[in-house]
Amino acid sequence: MEFRLDLIEDKVEFFEAGDLRTLELRIDQQIENNKALLLQVHQVQHHAVFNPNTGKMQYSAVVHFKAKKR
């Protein structure tokens, strides 16, 4: 039996929320979770669009995590 651990090099996660505060909280929570995997934020892209069906803004973000350099 072989036991092997692979290091995660890159990870991309998507987030969305109805307001910026909630979006920020979700991203912050995932940043803390990914610290255990030795990942740090490499790049963040965010977008806001108006949803005519609800009459509200919809916020989304893509966060690219990369392994910490040693």
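This briefing walks through the fold, the nonpolar core and a few individual residues of the structure above.

The model is predicted: local features need pLDDT of at least 70, side-chain atom pairs count only at pLDDT 80 or more, and totals for chains, interfaces and linings use all residues. Residues are numbered from 1 along each chain as its sequence is written, and side-chain values use heavy atoms, with hydrogens and water left out. The protein chain has one helix and three strands, in the order β-α-β-β along the sequence. Here helices (H or I, at least four residues) and strands (E, at least two) are DSSP runs, numbered from the N terminus.

**Overall shape and surface**

- The radius of gyration of the protein chain is 16 Å, well over the 11 Å that the globule rule gives for 70 residues, so the chain is more spread out than a compact globule. That radius is taken over C-alpha atoms, and the globule rule is 2.2 Å times the number of residues to the power 0.38.
- The C-alpha trace spans about 55 × 25 × 15 Å along its principal axes.
- Of the 70 residues in the protein chain, 20% are buried. Buried means under 20% relative accessible area, exposed means over 50%, and partly exposed lies in between (1.4 Å probe, protein chains only).
- About 5900 Å² of the protein chain is exposed, and carbon and sulfur atoms supply 53% of that area. Accessible areas come from the Shrake-Rupley method with a 1.4 Å probe; for residues, only the protein chains shown count as cover.
- Among contacts in the protein chain with a separation of 6 or more, 61% join residues 24 or more positions apart. Contact means heavy atoms within 4.5 Å.
- The chain carries 10 positive and 10 negative charges, and their mean positions are 3 Å apart. Lys and Arg count as positive and Asp and Glu as negative, while His and the chain ends are not counted. Each charge is placed at NZ of Lys, CZ of Arg, CG of Asp or CD of Glu.

**The nonpolar core**

- The largest nonpolar core has 10 residues: Phe15, Ala17, Leu23, Ile27, Leu39, Tyr59, Ala61, Val63, Phe65 and Ala67. Such a core is a set of buried Ala, Val, Leu, Ile, Met, Phe, Trp, Tyr and Cys residues joined through side-chain atoms within 4.5 Å.
- Two or more core residues come from each of β1 (10-17), α1 (20-35) and β3 (56-67). Strand β3 gives the largest share, five residues.
- As general background, nonpolar side chains tend to be buried together in soluble globular proteins.
- Leaving aside neighbours within four places in sequence, Phe15 is in contact with Leu23, Arg26, Ile27, Gln30, Tyr59, Ser60, Ala61 and Val63.

**Gln30 on the helix**

- Gln30 sits in helix α1 and counts as buried because its relative accessible area is 18%.
- Beyond four places in sequence, Gln30 contacts Lys11, Glu13, Phe15 and Phe65.

**Leu38, Gln40 and Lys66**

- Leu38 belongs to the loop between α1 and β2 (39-51). Its phi is positive, about 60°, although Leu38 is not a glycine.
- Leu38 is partly exposed, at 45% relative accessibility. With neighbours within four places set aside, Leu38 is in contact with Lys66, Ala67 and Lys68.
- Leu38 and Lys68 are 30 residues apart in sequence, yet their C-alpha atoms are 5.9 Å apart.
- Gln40, in strand β2, is partly exposed at 38% relative accessible area.
- The C-alpha atoms of Gln40 and Ala67 are 6.3 Å apart, with their positions 27 residues apart in sequence numbering. Not counting neighbours within four places, Gln40 contacts His64, Phe65, Lys66 and Lys68.
- Lys66 lies in strand β3 and is partly exposed, with a relative accessible area of 32%.
- Leaving out residues up to four places away, Lys66 touches Glu9, Asp10, Leu38, Leu39, Gln40 and His42. Lys66 and Ile8 are 58 residues apart in sequence and 8.0 Å apart, C-alpha to C-alpha.

**His46 on strand β2**

- His46 is in strand β2 and counts as exposed, with 62% relative accessibility.
- Setting aside neighbours within four places in sequence, His46 is in contact with Ser60 and Ala61.
- His46 and Phe14 are 32 residues apart along the chain, and 9.8 Å separates their C-alpha atoms.
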